[in-house]
Amino acid sequence: MRKFKENKLVIATHNSGKAREISDLLKPYIEKFHTAAELDLPEPEETARTFTGNASIKAVAAAKGSGMPALADDSGLAVTALNGEPGIFSARWAPNKDFNIAMAEVNRRLGKSADRSAAFICALAIAWPDGHVETFEGRIDGNLIWPPRGEKGFGYDPIFIPEGETRTYAEITPEEKSATSHRARAFAKLVEQCLTQK
Ligand code: IMP
């Protein structure tokens, strides 16, 4: 595993909320952050078939385009009875970011299936300008319910109950979600395996 020794990092996203969340998390380890949006880097096509593959494409493109190390993520919901769908297409199942439609589509496709299990998965990729990449994956297993419950969170949160809970991700606080979430687990691996405290 290559350790991250530089003092600056490009966050390969055009989503400012995501960039802020990531830089807040990594502040203890890295001095200066840039974003793909601020550097005007083009968004590459996500042509891989896995979360890790797509995170790597985004991180490598940003590292090569900027000449600095870059971090990218890719995440989504994988439903067992739907052979892992919507998976890497999780955002695309929501026309105009309407996740009520995406959640209803998951429920419609599940039909009467007895298996309601699903997992949220988050892949992180850190790439250097020489093309070297390290990847980290976090996962939380759980079950889907219908109808949706709760007002917090985003995306598919209102239909997902993480293992060991009775409430959906939309019914618990962000702090409670962070204790188990796929994203928190992926970042914990990145920090533990690749970063060192300043
Ligand atoms: P992206 O990785 O930012 O492209 O996000 C992919 C999509 O996965 C999001 O738009 C959400 O639909 C879904 N997703 C990823 N993480 C979560 C989560 O923690 N809760 C609910 N939906 C999620």
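Me: In this predicted model, what makes the pair formed by Lys 177 and an oxygen atom of the ligand a polar contact?

Reply: A polar side-chain atom of Lys 177 lies 2.7 Å from an oxygen atom of the ligand, and a pair of N or O atoms counts as a polar contact if the two are within 3.5 Å, so this pair qualifies.

Me: Which other side chains have a polar atom by a nitrogen atom of the ligand, and at what distance?

Reply: For Asp 157, a polar side-chain atom lies 2.6 Å from a nitrogen atom of the ligand, while for His 182 an N or O atom of the side chain is 3.1 Å from a ligand nitrogen. Both distances are within the 3.5 Å cut-off, and therefore both pairs count as polar contacts. As for cover, the ligand taken alone exposes 480 Å², of which the protein buries 86%.

Me: What makes a residue one of those around the ligand, and which come nearest?

Reply: A residue is counted if one of its heavy atoms lies within 4 Å of the ligand, and 15 residues are found around the ligand, with Lys 18, Phe 99, Asp 157, Lys 177 and Arg 183 coming nearest.

Me: How much space is in the largest pocket, and which residues are closest to its centre?

Reply: The volume of the largest pocket is about 1,600 Å³. Among the 49 residues that line this pocket, Asn 15, Lys 18, Ser 75, Phe 154 and Arg 183 are the closest to its centre. Helix 1 gives the largest share of the lining, six residues, and by class the lining has 22 nonpolar, 13 polar and 14 charged residues.

Me: Why is the other space called a cavity, and what lines the largest one?

Reply: A space is called a cavity because a 1.4 Å probe fits there but cannot get out, whereas a pocket is open. The structure holds one cavity of 30 Å³ or more, and the largest cavity has about 30 Å³ of space. Its lining includes Met 103, Leu 110, Arg 116 and Trp 146, and helix 3, residues 99-110, gives the largest share with four residues.

Me: How do you know that strand 4 and strand 5 pair?

Reply: Pairing asks for at least two bridges, and 11 bridges join strand 4 (residues 117-127) to strand 5 (residues 133-144), so these antiparallel strands pair. Cys 122 stands opposite Gly 138 in strand 5, and in the hairpin, which has five residues between the strands, Gly 131 takes a positive phi near 95 degrees.

Methods:
Residues numbered from 1 in each chain as written. Predicted model: local features only at pLDDT ≥ 70, side-chain atom pairs only at ≥ 80, totals over all residues. Heavy atoms only, no water. 1 Å grid on protein atoms, 1.4 Å probe; cavity = no way out; pocket = protein on both sides within 12 Å on 5 of 7 lines; lining within 4 Å. Points joined across faces, edges and corners; volume = space filled by probe spheres on them. Nonpolar A, V, L, I, M, F, W, Y, C, P; charged D, E, K, R; others polar. Polar contact = N/O pair within 3.5 Å; in protein donor to acceptor, adjacent residues only side chain to side chain. Areas by Shrake-Rupley, 256 points an atom, 1.4 Å probe, with all protein chains shown as cover.
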